[in-house]
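Subject: Structure handover and notes

Dear colleague,

I am passing on the structure we spoke about, together with my notes on what was found in it. Please keep it open beside this message while you read.

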Amino acid sequence: MSLLAPLALLSALIVGPLIVAMYLLKLRREERRVSSTFLWRRMVRDVEANAPWQRLRRNWLLLLQLLILILLAIALARPFFLTTGISGRNLIIILDRSASMAATDVAPSRLEAARRQAQTLVEQLPEGGRATIIAVGGQMEVVAASTTDRRQMNDAIRSITPSVGSRSDLSQALALAAALSAREPDSEVAIISDGNVQVPTDILVPATVRYFPIGQRGENMAISAMTLQPGPAGQTLFVQVTRYGSAPVTRRLDLYLDGSLFNAYELTFTADDAPGSSQTIIADIPAQVRVAEARLNAAPNEDYLPTDDRAWAVSQAGAGMNVQIVGPGNRFLTTALALLPGVTATSATTASGAVDPAPQVTIFDRVVPETLPTGNLFFIAPPRSTDFFSVTGVVEFPLLRPAPSAIEGQTPPLLRNVSVSDVNVLRAMRIEPGIWARVLVEGDGSPMLLAGEREGRRIVVLAFALQDSDLPLQVAFPLLVSNIIGYLAPGSGLEASQITPGQPLIVAVDPSATAVRVVRPDGRVEVAQIQDGQAIYAGAGMPGPYLVEQVRGDQVIEQRRFAVNLFDPDESNIAPESELRVSQVSGLQQAVTREQVGRQEIWRWLAAAALLVVVVEWLVYQRNSLAYLRQRFRHMLAARRQSA
């Protein structure tokens, strides 16, 4: 134990002797002659006690007063113990609230343990210290901004709730932390997480970054994929279950069709099965089924994340989506689109004037019209510039490779299960993208595939024509087309009507529809926003089936279902990470863990103990009066009993 203000102990050396002297030096009383001292024995004792500098007798009041003095003196010296924590005056807490933080290997959950750790760090702040609290996981949120109010800090920490969105990306949070710590001296950044986060490599934090790992175990089983597709006998249900961890486990998988139990399957993983191994269930189900649900029955100490133990798949029988292709004609593209369930491709040319002005998805194959339609756009080898990008030339024989931003961290949705390293390209357009775009594939320093959002619409650009490459001959081609259509029109492609929590729900709206309603899994009905011929609903954060209804007056003219599921291996793999790589201006490349630099002060406990001793001292001093009052109270009760 150490002291922040050791000179405060001198107060005990100064005040202590004064208290003792008060008991040694008594005031002399005036002497009077009396006839007898028989009734004055107590007075005689007082006379004897008033003799100065006599030997101290045992006195409880003196001992209690000295104890109060000692406790207060030590409290003023501010004793503390070194603990794992922080030592700066400006604290920036980044708290992970992603799906994996709902794991229960730390009672009651990792998120609750993270909250407790954050509150401990707040307690370690020195007087006048300030804190900024940032919640990551899904959309970043600053729940407390540079405040010195500890009550506000604790309220902000308690307000952080789990997010079932995608993996935590620390890019924005660390960029904000770097900006705040650059302005404030003596800053520290604390990351409280289980380590299942995406850490940027291009940010240098000008402060010490400390990592507080949360979590102990990694055993988990998850429903990692589930689809409902048209089949020869009605519909085919595909369910995939993945085991994370190495312990052998047996679980039961129950399938429900439109709320009724359909079948149960027993899944067994042995110790020989590698972590991440999967088992698949394929079942033929009736054509009239609209919603299928899979449930994994959990066993104690075998599954610590219940969020991914349920999944849903919805039928799109009778529903479809039109994709408009504008260009001279492309057999490769129409063939790939024909493989996608529920997608109908129509062709148009800019010369014929038959371009639909309000489609959901439009593909411009080697053409760019003067006026672009509404909806989401896919450009293939654009010959000229647009408001979204500039075409500055041609690149000959580019060598394709994933862009650095697409290599690090989570695989972009457009490149899922797609390899572009073996694709050969004859020529491609040299494109200068806007700030809205993220480059996914590059070739010789020029973007080959980019995607992003601008003005509420999604845009994908492929820099080369399919005829100028061997991409259509690659296995990756139909998967790439499916990923692009699934990105431009969520709820389409091979993963029909499957979106991730927090992803906007987008559907094409009939021109005659007056409103679009969304029925959530909990039964609540909300209204979606209609913009440029599309209904956009951004509240799909709860896993489960969603029903989208297009309404004309009081009549429902179209219905479509979507399923929101946590199919994220990064979140389902809940094994905690003991270290995080975070680049810092000081040269450190690793976030510091388990270093005892925090100060756990105990002066509040000492002050509380001194207050308690003051109460005891008062009770001892007033013991005779209290005894008298107690006796009077007993007599009063006895008198009432007699009168009754």
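What follows goes from the chain as a whole to its sheet, its helices and cores, and then a few individual residues.

Please bear in mind throughout that this is a predicted model. The chain has 644 residues, of which 45% are buried, and its secondary structure comes to 12 helices and 35 strands. Among the contacts with a separation of 6 or more, 69% are made by residues 24 or more positions apart.

**The five-stranded sheet**

One open sheet is built from five strands in the order β5-β4-β3-β7-β9, and its pairing is mixed. The edges are taken by β5 and β9 (208–213), each of which has a single partner strand, so one side of each is left without a neighbour in the sheet. On average, and with direction ignored, neighbouring strands of this sheet are turned by 15° against each other.

At one end of that order, β4 (residues 130–136) and β5 (residues 141–147) pair in the antiparallel sense over four bridges, with Ile134 standing opposite Val142 in β5. Four residues lie between the strands of this hairpin, and there Gly137 takes a positive phi near 115°. At the other end, β7 (residues 187–193) runs parallel to β9 and is joined to it by six bridges; one of the residues concerned is Ile191, whose bridge partner in β9 is Tyr211.

Two helices belong in this picture as well. Helix α4 (residues 110–123) packs on the sheet, where it touches β3 (90–96), β7 and β9, and its direction makes about 175° with that of β3. Helix α6 (residues 171–183) lies across β3, β4, β5 and β7, and it too runs at about 175° to β3.

**Helix α9 and the nonpolar cores**

Helix α9 (residues 476–488) has 13 residues, which at 1.5 Å a residue should span 18 Å, and the end C-alpha atoms are 18 Å apart, in agreement with that expectation. Because 11 of the 13 residues are buried, α9 is largely enclosed by the rest of the structure; the buried residues include Phe477, Val481, Ile485 and Leu488.

The axes of α9 and helix α7 (residues 331–338) come within 9 Å and cross at roughly 70°, which means that α7 is roughly perpendicular to α9. Where they meet, Phe332, Ala336 and Leu337 come from α7, while Phe477, Val481 and Ile485 come from α9.

The largest nonpolar core has 56 residues, and those with the most contacts inside it are Leu337, Ile363 and Val460. The largest share of this core, eight residues, is contributed by α9. Leaving aside neighbours within four places in sequence, the residues in contact with Ile363 include Val323, Leu333, Leu337, Phe378, Ile380 and Ile485. There is also a second, separate core of 24 residues, with Leu91, Ala131, Ala190 and Ile214 among them.

**Individual residues to look at**

Most residues other than glycine have a negative phi, and most peptide bonds are trans. Three places in this chain can be read against that background.

- The peptide bond joining Ala107 and Pro108 is cis, with omega about -10°, and Pro108 has its place in the loop between β3 and α4.
- Ser146, which lies in strand β5, has a positive phi near 45° although it is a residue other than glycine; with a relative accessible area of 31%, Ser146 is partly exposed.
- Asp186 is not a glycine either, yet its phi is positive, at about 55°. Asp186 lies in the loop between α6 and β7 and, at 44% relative accessibility, counts as partly exposed.

A last residue is of interest for its surroundings. Is Gln550, in strand β33 (residues 544–552), buried or exposed? At 3% relative accessibility, and with the limit for buried set at under 20%, Gln550 counts as buried. Not counting residues up to four places away in sequence, Gln550 touches Ala508, Val509, Asp510, Ala513, Ala515, Val516, Gln555, Val556, Ile557 and Glu558.

With best wishes

Methods. Residues numbered from 1 in each chain as written. Predicted model: local features only at pLDDT ≥ 70, side-chain atom pairs only at ≥ 80, totals over all residues. Heavy atoms only, no water. Expected span 1.5 Å × (residues − 1). Buried < 20%, exposed > 50% of the residue type's maximum accessible area, 1.4 Å probe, protein only. Pairing = 2+ DSSP bridges. Core = buried A, V, L, I, M, F, W, Y, C linked by side-chain atoms within 4.5 Å. Contact = heavy atoms within 4.5 Å. Axes fitted to C-alpha atoms, helices over the stretch in contact; angles between N-to-C directions. Parallel < 35°, antiparallel > 145°, perpendicular 65-115°, else oblique.
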